[in-house]
Amino acid sequence: VNDVWMNRISFLRDLDTDFHVAIALALLPEVFAQGEQFGDIWTMYLLNRGLVSCEAAMKFFGVGAVWGQDIILRDITLCQEPMVFSLTYAEVLLLRKGQLDKICVQALPEHTRSLRKKAVRLAAQRGIFREAAIRQRLALDVAAVSSRQLYMSNPLGAPDAKWDMKREATPTPLLRMLAHFVSTHTPVPDHLSPAL
């Protein structure tokens with residue numbers, strides 16, 4: 001029964017059978033009717049029967065699907081949205097973070113080290129993705145501010161060669177500050193900060 005999903009859980013792959021047995025014994029069964037929404041943070045779900053859709057990941061999960069593997073993380077901001085919508089009757093097995101922590105306390109030190117390594121790797125990946133999303137949003141905001149300033153200073157789009165050359169040569173202090181922040185993501189030096 002557990003072979004279907006055991007290989008799909010990345011943080012369990014290198015651990016021995018005793019740890020797998022402890023995880024399998026800690027799983028709690030739950031059922032959900034068609035049309036129900038469910039999903040808690042720091043809870044791993046294993047779908048035994050049914051079909052669910054995850055709006056955040058824009059995916060459908062069928063029998064054998066596993067989600068919520070970020071149960072091993074400590075920072076809630078790095079966890080993905082676990083909420084799903086049951087398209088049919090769904091049977092799931094779930095494991096909460098508290099149960100996993102109890103198993104880890106009783107586990108061998110090498111199991112704890114292995115889980116910690118995998119948690120650090122996952123946290124680094126999620127942190128990089130989050131930082132990339134922040135930088136992308138900032139770049140879009142800078143582009144929006146730039147185009148808005150361009151429109152406000154020349155709203156009718158009238159050709160004005162002198163205006164174009166001047167605008168290209170001297171960007172506003174706000175644009176310099178935002179461009180510096182986006183490119184380096186470090187505190188903006190005082191000489192680039194606009195005087196308020």
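Two residues are said to be in contact when they have heavy atoms within 4.5 Å of each other. With that meaning in hand, one may begin at Lys 118, a residue of helix α4. Leaving aside residues up to four places away in sequence, Lys 118 touches Ser 10, Phe 11, Leu 12, Arg 13, Asp 14 and Ile 72. Its relative accessible area is 13%, and the cut-off for a buried residue is under 20%. Lys 118 therefore counts as buried. The structure examined here is a predicted model, and the following paragraphs lead from the chain as a whole to its helices, two of its loops and its pockets.

The chain has 196 residues, of which 33% are buried. Its secondary structure comprises six helices and eight strands. Read from the N terminus, the order of the elements is α-α-β-β-β-β-β-β-β-β-α-α-α-α. Contacts between residues at least 6 apart in sequence can be sorted by their separation along the chain, and 74% of them join residues at least 24 apart. The surface that the chain exposes comes to about 12,600 Å², with 60% of it supplied by carbon and sulfur atoms.

The helices may be considered next. An α-helix has 3.6 residues a turn, so residues three or four places apart point the same way. Helix α2, residues 17–26, has Phe 19, His 20, Ile 23 and Ala 26 as its buried residues. Viewed down the axis of α2, these buried residues fall within an arc of 130 degrees, so they line one face of the helix. Thr 17, Asp 18 and Leu 25 lie on the other side of α2 and are exposed.

Helix α3 can be read in a similar manner. Its buried residues include Lys 97, Leu 100, Ile 103 and Cys 104. Around the helix axis they cover an arc of only 120 degrees, which puts them on the same side of α3. The face turned away from this buried side carries Lys 102, Val 105 and Gln 106, which are exposed. For Gln 106, a residue of α3, the relative accessible area is 70%, and it is classed as exposed. Gln 106 also provides a link in space to an earlier part of the chain: its C-alpha atom is 9.7 Å from that of Ala 22, although the two residues are 84 residues apart in sequence.

Two loops between strands deserve attention. In the loop between β2 (37–38) and β3 (43–49) is Trp 42. This residue has a positive phi of about 55 degrees although it is not a glycine. Its relative accessibility is 23%, and Trp 42 thus counts as partly exposed. The loop between β4 (52–54) and β5 holds Ala 57. Ala 57 is likewise partly exposed, with a relative accessible area of 39%. Between the C-alpha atoms of Ala 57 and Gln 80 the separation is 8.7 Å, while the two residues stand 23 residues apart along the chain.

The pockets remain. The largest pocket contains about 540 Å³ of space. It is lined by 21 residues, and those closest to its centre are Gly 68, Gln 69, Asp 70, Gln 80 and Arg 126. The elements giving two or more residues to this lining are β5 (59–61), β6 (66–67) and α4 (109–153). Helix α4 gives the most, with five residues. By class, the lining of the largest pocket divides into 10 nonpolar, five polar and six charged residues.

The second largest pocket has a volume of about 210 Å³. Among the residues that line it are Ile 71, Ile 72, Arg 74, Thr 112, Leu 115, Arg 116 and Ala 119. Helices α3 (97–106) and α4 each supply at least two residues of this lining, and α3 gives the most, with five residues. The lining of the second largest pocket has seven nonpolar, one polar and four charged residues. Several residues already met return here: Lys 97, Leu 100, Cys 104 and Val 105 belong to this lining. Of these, Lys 97, Leu 100 and Cys 104 are buried in α3, whereas Val 105 is exposed on the face turned away from the buried side. Ile 72, also part of the lining, is one of the residues that Lys 118 touches.

Conventions: Residues are numbered from 1 along each chain as its sequence is written. This is a predicted model: local features need pLDDT of at least 70, side-chain atom pairs count only at pLDDT 80 or more; totals for chains, interfaces and linings use all residues. Side-chain values use heavy atoms; hydrogens and water are left out. On a 1 Å grid over the protein atoms alone, a cavity is a set of points where a 1.4 Å probe fits but cannot get out, and a pocket is an open set with protein on both sides within 12 Å along at least five of seven lines; lining residues have an atom within 4 Å of a point. Grid points are joined across faces, edges and corners, and a volume is the space filled by probe spheres set on the points. Helices (H or I, at least four residues) and strands (E, at least two) are DSSP runs, numbered from the N terminus. Ala, Val, Leu, Ile, Met, Phe, Trp, Tyr, Cys and Pro count as nonpolar, Asp, Glu, Lys and Arg as charged, and the others, Gly among them, as polar. Buried means under 20% relative accessible area, exposed over 50%, partly exposed in between (1.4 Å probe, protein chains only). Accessible areas come from the Shrake-Rupley method with a 1.4 Å probe; for residues, only the protein chains shown count as cover. The arc is that of the directions from the helix axis to the C-beta atoms.
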